[in-house]
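The exercises below each set a task and then work through it step by step. Please keep the sequence and the model in view while reading.

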Amino acid sequence: MKSLNPIRNGALATALKLGAAASFLTLVGCASLPPHPEIVALQNRFEVVSGMPYASQEAQQELNETRAALDLGRTAYSGSDEDAVSHYIIVADKNLDIAEARIRLYETRSQIASATEVRERMVREARERDIAIAESEIRSAEADTLAAQRLAESRGIELSAQERELARREAELRAQEVEIVRQQEDLAAAEARMNALEREAQDLADRLVEVTTIVNERGTTLVLSDIMFDFDSAEIKPGSQHALDEIARFLISQEDALLKIEGHTDSRGSEGYNINLSRDRAAAVYSALVERGVPSSRIETAGYGEEYPVASNDSDAGRQQNRRVEIVLNDQVGRPLTSRF
């Protein structure tokens, strides 16, 4: 049906054309906006963090929230909503901070868990690098959180539930980082004590012909040769008293160390006889050390007979090495004192 008012119909067509032209100009203006530099920088950082080892395992939630915040920030930027853009930039930045911290915490915990195998590297690097980095990150996170709060307050914006959750996670991470630093310091101190113990034990062995030392996965061990005992006897020879005096002084100085005295024999004789002889020799050394002031509460004893030879029993020299008493010192790094090998 044709319009009855051709003048009005023409005016309407002109208005529609003008409206379409305005819409087109608006779209062109939006499309011509340059990329927001902070959003671009955060997107680049997001790509780097996403590619870090363990990122998907340890920080997937933060990475997902970062991606969402960047998308929302770009939308707000295209609509010229500056407050919203600032908000999403803060959210993305803090999520990336937390993601990186979680990944570093996981790596550090893995190092601590394998401290026995990599302890030399841990002692050298943890104190110089990891502790300094952790302390710096704690200070940086605190400053960033305060800056975000001040920015929100200056714009009259109340912190959103999302930002409060980010602040809670940051506080949790700071507490975990402080605990990691404490564990690393404890490990370094334990390593220093162990190294000092090994040096002093070797010095003792250098002075005494009756004593040798072994340092292995069990810790530090003083090996007392059978020249301290008469043949087939648990009585300590009178000539060994000086050696016992020196050993006792050394053990007393290691006031935090627990001790295990273990008796061993060669394979000659019955199994039951050898067990009893090894126990009696361990008990004799125990009594001699307690008499010289070593606290009995720090000592346990065991007799293993011929069960754990250190040499072949087919020769006199080998059998002599197997007839021994060992004093095992706890190395303070966590291996159980009662383990054998």
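**Exercise 1. Decide whether His36 is buried or exposed, and find its surroundings.**

His36 has a relative accessible area of 16%, and because buried means under 20% relative accessible area, exposed over 50% and partly exposed in between (1.4 Å probe, protein chains only), His36 counts as buried. This is a predicted model, in which local features need pLDDT of at least 70 and side-chain atom pairs count only at pLDDT 80 or more, while totals for chains, interfaces and linings use all residues. Residues are numbered from 1 along each chain as its sequence is written, and side-chain values use heavy atoms, with hydrogens and water left out.

Next, place the residue: His36 sits in the loop between helix H1 (6-31) and helix H2 (37-50), where helices (H or I, at least four residues) and strands (E, at least two) are DSSP runs numbered from the N terminus. Finally, with neighbours within four places in sequence left aside, His36 is in contact (heavy atoms within 4.5 Å) with Tyr77, Val85 and Ile89.

**Exercise 2. Work out the strand order of the open sheet, and which strands stand at its edges.**

The open sheet has 5 strands in the order E1-E2-E5-E3-E4, with mixed pairing; two strands pair if DSSP finds at least two bridges between them. Strand E1 (211-216) and strand E4 (299-303) each have a single partner strand and therefore stand at the edges, with one side lacking a neighbour in the sheet. Looking inside the sheet, E3 and E5 pair in the antiparallel sense over 6 bridges, and His264 stands opposite Arg324 in E5.

**Exercise 3. Describe how H7 and H8 are oriented towards each other, and which residues make their contact.**

Helices H7 and H8 pack at an angle of about 175 degrees, with their axes 11 Å apart; axes are lines fitted to C-alpha atoms, for helices over the stretch in contact, and angles run from 0 to 180 degrees between N-to-C directions. Because angles under 35 degrees count as roughly parallel, over 145 as roughly antiparallel, 65 to 115 as roughly perpendicular and the rest as oblique, H7 and H8 are roughly antiparallel to each other. On the H7 side the contact is made by Leu197, Glu200, Ala201, Leu204 and Arg207, and on the H8 side by Glu246, Ile247, Phe250 and Ser253.
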